[in-house]
Amino acid sequence: MRRRHTNGDRVVLKPVDCVVMDIEGTTTAIEFVTGALYPYARERMPDFIRRRRGEPDVAAIVDEVRQLAGVWNDEAVLAQRLIYGHSVDGDLGALLSGCFDTRVGHQREKVSYRHIADAIGTRPERILFLSDVREEQDAAGDAGYQTVWLVRRGAPALAVGHRRAARFDEILL
């Protein structure tokens, strides 16, 4: 992607080959996640577990959930594909070239972002990371990524040391 110049309130970046995005609060409104997805899962999960608890993969996932404080490690990529595959704008899955979850590491650890850079074959300084979580921004920045804090409506702008944007169209690639 080529750098474009502007003279407005837009964020201008160094050359970028890849964009890595967080989901909750970044590409999907946190209100949707907490107000729709979480209640949906809470309502249906007990029955799902009861019906399938004897299956080895389900037992392993439940064990991991206990250890990871609620992160559905093995199903996160599937969840990402479902969210983007069923958006209000249709199937956006074709726009994604990859999905990552906690199998590459925790989002707040620098090494996770190095693993992603290795997996996609791109130098960290040519990757842009978008998130609304400061600790994730810090870890990605420490790994060499360019970072932009997406400050959403009603959220405090606390990402000291990171460029900020309120909307995707404020970021020029």
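User: How many helices and strands are there in the chain?
Analyst: This is a predicted model, where local features need pLDDT of at least 70, side-chain atom pairs count only at pLDDT 80 or more, and totals for chains, interfaces and linings use all residues. Residues are numbered from 1 along each chain as its sequence is written, and side-chain values use heavy atoms, without hydrogens and water. Helices (H or I, at least four residues) and strands (E, at least two) are DSSP runs, numbered from the N terminus. From that end the order is β-β-α-α-α-α-β-α-β-β-β, giving 5 helices and 6 strands.

User: What share of the residues counts as buried?
Analyst: Buried means under 20% relative accessible area, with a 1.4 Å probe and protein chains only. The chain has 173 residues. The buried share is 31%.

User: Which element gives the most to the largest nonpolar core?
Analyst: A nonpolar core is a set of buried Ala, Val, Leu, Ile, Met, Phe, Trp, Tyr and Cys residues joined through side-chain atoms within 4.5 Å. The largest has 11 residues, including Cys 18, Phe 129 and Ala 140. Strand E2 (18-21), helix H4 (110-120), strand E3 (127-131) and helix H5 (134-142) each give two or more. The top giver, with 3 residues, is H4.

User: Which residues is Ile 116 in contact with, leaving aside its neighbours within four places in sequence?
Analyst: Contact means heavy atoms within 4.5 Å. Ile 116 belongs to the largest core, as do Val 20 and Tyr 145. Its contacts beyond those neighbours are Val 20, Phe 100, Val 104 and Tyr 145.

Definitions and conventions. Buried < 20%, exposed > 50% of the residue type's maximum accessible area, 1.4 Å probe, protein only.
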